Amino acid sequence: PLVTAGAETRTVADPDKAGMLLHLMFVTDAGNAVVTFSTAVNIAGNTIVTFTDAGESASFISTDDGSGGDTYNWANIDSTNNGAAYS
């Protein structure tokens, strides 16, 4: 759960394996929660997800980046986005 005491930021590092799920839900809104990922989370290349109102949520799954190494990224699961804005 995301809880703010004012406008706040969070950073999410790349995952260390494929198949993990990450669900972010904004539960207490005392200011926007801006979450920055180290790599793009969607096809548009966005790395920032902004939550402005309590009840907003977004989910992500860790995937192999396709480079042939052990490098993984978070990818948004479109159907679970509930009001969060990507940029």
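Author: A nonpolar core here is a set of buried Ala, Val, Leu, Ile, Met, Phe, Trp, Tyr and Cys residues joined through side-chain atoms within 4.5 Å. Buried means under 20% relative accessible area, exposed over 50%, and partly exposed in between (1.4 Å probe, protein chains only). The model you're looking at is predicted: local features need pLDDT of at least 70, side-chain atom pairs count only at pLDDT 80 or more, and totals for chains, interfaces and linings use all residues. Residues are numbered from 1 along each chain as its sequence is written, and side-chain values use heavy atoms, with hydrogens and water left out.

Reader: Which residues have the most contacts inside the largest nonpolar core?

Author: That core has 15 residues. Strands are DSSP runs of E, at least two residues long, numbered from the N terminus (helices are H or I, at least four); β3, β4, β5 and β6 each supply at least two residues of the core. The residues with the most contacts inside it are Leu 24, Phe 37, Phe 51 and Phe 60.

Reader: In what order do the 4 strands of the open sheet come?

Author: Two strands pair if DSSP finds at least two bridges between them. The pairing in this sheet is mixed, and its edge strands, β2 (8-12) and β8 (85-86), each pair on one side only. Inside it, β4 (residues 33-37) and β5 (residues 48-51) run antiparallel over 4 bridges. The order is β2-β4-β5-β8.

Reader: And which residue in β6 is the bridge partner of Met 25?

Author: Start with Met 25 itself, which sits in strand β3 (residues 21-28). β3 is joined by 5 bridges to the antiparallel strand β6 (residues 57-64). On β6, the partner of Met 25 is Ser 57.

Reader: Is Met 25 buried, partly exposed or exposed?

Author: Met 25 helps make a nonpolar surface patch with Val 3 and Val 27. Its relative accessibility is 34%, so Met 25 counts as partly exposed.

Reader: How far apart are the closest N and O atoms in the salt bridge of Arg 10?

Author: A salt bridge is a side-chain nitrogen of Lys or Arg within 4 Å of a carboxyl oxygen of Asp or Glu, and a search of the whole structure finds 1. Arg 10 is partly exposed at 27% relative accessible area, and Glu 8 is partly exposed at 25%. Arg 10 bridges to Glu 8, and the gap between their closest N and O atoms is 2.9 Å.

Conventions:
Patch = residues over 30% accessible without salt bridge, like charges linked within 9 Å, V, L, I, M, F, W, Y side chains within 5 Å. Areas by Shrake-Rupley, 256 points an atom, 1.4 Å probe, with all protein chains shown as cover.
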